[in-house]
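Here are some notes for a colleague who is opening this structure without having seen it before. They are arranged as numbered points, to be read with the sequence and the model side by side.

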Amino acid sequence: MEHPILFISIILEKLGLPVPHGPVGHTFLEQLCAPYMTYTWLVMAFLFLVSRLTLGNLEMIPGKGQNFWELVIGGMDDFFTDNMGREMADKFFPMIATFALYIAVANLIGLIPGFMSPTSSLNTTLALTLIVWFSHHLIGFREHGLHYYKHFMGPVWWLVPLLLPIEIISNLARLLSLSIRLFGNIMAKETLLAILFMLAGGFFAPLPIMILGVLVSVVQAMVFVLLTVVYFSQAREHAH
Amino acid sequence: MSDVKKEFVQLLANYGHIGFTFVAAIVIGMGGGIYLDQKVFDGRTSPWFTFIGLAFGIAAGYKALFEVIWRDRKAEEKKAREKKDHEG
């Protein structure tokens, strides 16, 4: 289920580029022109240009643009520091804040007719999740070395046969739940909006869902970031 | 955002993912069990590994649930300690 009208796809088709009609294309060029890819680039360009245009040079007395960014960045910094401490927050701020901004904008962009949320494709969310999953193990290994395996062993040795599978399953469940939650929520929102538009768009039927959509978008971005922060700080903690 | 709204969103983020994580753990546990039964042992051990995997999956789901509670308790204790330090 796609949006009825996606303006980037239409422009690309007018330019003669192949736009896939299924979820993913067959050739490389078709895959590049898939809607979730083009809208990912749109979000990237949006974030880059907006921060470029509003920030300019930093001043002691902030103007409108700088004020906004100071609020956003300051709020996120406080949030990270609360949850994982000053040192780690400084180290991983660029990565997690980029995730937060990207996911929030990507979720919200789908509310505008003619746009589509890149996060309503499992490919995008799985890519984000894989980055988080691998980097939290990497943090664990860098912090504890080979003793990182103790995280999966439980508190006492005779519980190992019981706890090792449980720990491994719950670690793999992170991969599944983190990606499918974001994908499922946003896809549901998009599909619901599209159907309501088709059924009763003239009577403003999608409006209540749009209000809910704003809430869902913000909350899902927040969930993703909060869980990322929690996983990172857990990987650095000492085992039981 | 006002403080109440912020807290609301934070609470939603904190607890909203429990249901999904629970299901994901059970799916992975049971899926692994079925894979062992059908692919690795060619159905000779069926249905034992499926049940064992299901049990481990459910246990992992509960573990994820308790982790959220423990994390909460730790955060509350930390907050209480800080408050005490502040007053004392």
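1. A convenient place to begin is Thr21(B), which is found in helix α2 of chain B, the helix formed by residues 18–40. Please keep in mind throughout that the model is predicted. Thr21(B) has a relative accessibility of 9%, and because buried means under 20%, Thr21(B) counts as buried. Once residues up to four places away in sequence are set aside, Thr21(B) touches Ala173(A), Ser177(A) and Arg181(A) of chain A, as well as Ala64(B) of chain B.

2. Which residues of the largest nonpolar core touch the most other members? This core has 51 residues, and the ones that answer the question are Phe80(A), Met84(A), Ile96(A), Phe224(A) and Phe232(A). Helices α1 (7–14), α3 (35–55), α4 (64–84), α5 (86–109), α6, α7 (160–200) and α8 of chain A each supply at least two residues of this core, and so does α1 (3–15) of chain B. The largest share, 13 residues, comes from α5(A).

3. One of the well-connected core members can be followed further. Apart from its neighbours within four places in sequence, Met84(A) is in contact with Ala89(A), Phe92(A) and Ile96(A), and also with Val229(A), Phe232(A) and Ser233(A). There is, in addition, a second and separate core of eight residues, which includes Leu163(A), Ile169(A) and Ala173(A) together with Ala24(B).

4. Ile103(A) belongs to helix α5 of chain A, and with a relative accessible area of 0% it is buried. Leaving out neighbours within four places in sequence, the contacts of Ile103(A) are Leu128(A), Leu182(A), Ala221(A) and Phe224(A). Val50(A) is 53 residues from Ile103(A) along the chain, and the C-alpha atoms of these two residues are separated by 16 Å.

5. The packing of helix α6 (residues 122–144) of chain A against helix α8 (residues 206–236) of chain A is at an angle of about 20°, the two axes being 8 Å apart. At that angle, α6(A) is roughly parallel to α8(A), and the crossing of α6(A) and α8(A) is right-handed. On the α6(A) side the residues that meet α8(A) include Leu128(A), Val132(A), His136(A) and Ile139(A), while those on the α8(A) side include Phe224(A), Thr228(A), Tyr231(A) and Phe232(A). By residue type, the contact of α6(A) with α8(A) divides into seven nonpolar, six polar and two charged.

6. How do things stand for Phe141(A): is it buried, partly exposed or exposed? This residue lies in helix α6 of chain A, and at 44% relative accessibility Phe141(A) counts as partly exposed. From C-alpha to C-alpha, Phe141(A) and Gly110(A) are 38 Å apart in space, with their positions 31 residues apart in sequence.

7. Helix α8(A) also packs with α7(A): their axes come within 11 Å and cross at roughly 170°. Because an angle over 145 degrees counts as roughly antiparallel, α7(A) and α8(A) are roughly antiparallel to each other. Among the α7(A) residues in this contact are Arg181(A), Leu182(A), Ile186(A) and Leu193(A), which belong to a set that meets α8(A) residues including Met210(A), Val216(A), Val223(A), Phe224(A) and Leu227(A). The residues of the contact of α7(A) with α8(A) comprise 16 nonpolar, five polar and three charged.

Note on methods: Residues are numbered from 1 along each chain as its sequence is written. Chains are lettered from A and ligands numbered from 1 in the order in which they are written. This is a predicted model: local features need pLDDT of at least 70, side-chain atom pairs count only at pLDDT 80 or more; totals for chains, interfaces and linings use all residues. Side-chain values use heavy atoms; hydrogens and water are left out. Axes are lines fitted to C-alpha atoms, for helices over the stretch in contact, and angles run from 0 to 180 degrees between N-to-C directions. Helices (H or I, at least four residues) and strands (E, at least two) are DSSP runs, numbered from the N terminus. Angles under 35 degrees count as roughly parallel, over 145 as roughly antiparallel, 65 to 115 as roughly perpendicular and the rest as oblique. A crossing is left-handed if the near helix is turned anticlockwise from the far one by less than a right angle, and right-handed if clockwise. Contact means heavy atoms within 4.5 Å. Ala, Val, Leu, Ile, Met, Phe, Trp, Tyr, Cys and Pro count as nonpolar, Asp, Glu, Lys and Arg as charged, and the others, Gly among them, as polar. A nonpolar core is a set of buried Ala, Val, Leu, Ile, Met, Phe, Trp, Tyr and Cys residues joined through side-chain atoms within 4.5 Å. Buried means under 20% relative accessible area, exposed over 50%, partly exposed in between (1.4 Å probe, protein chains only).
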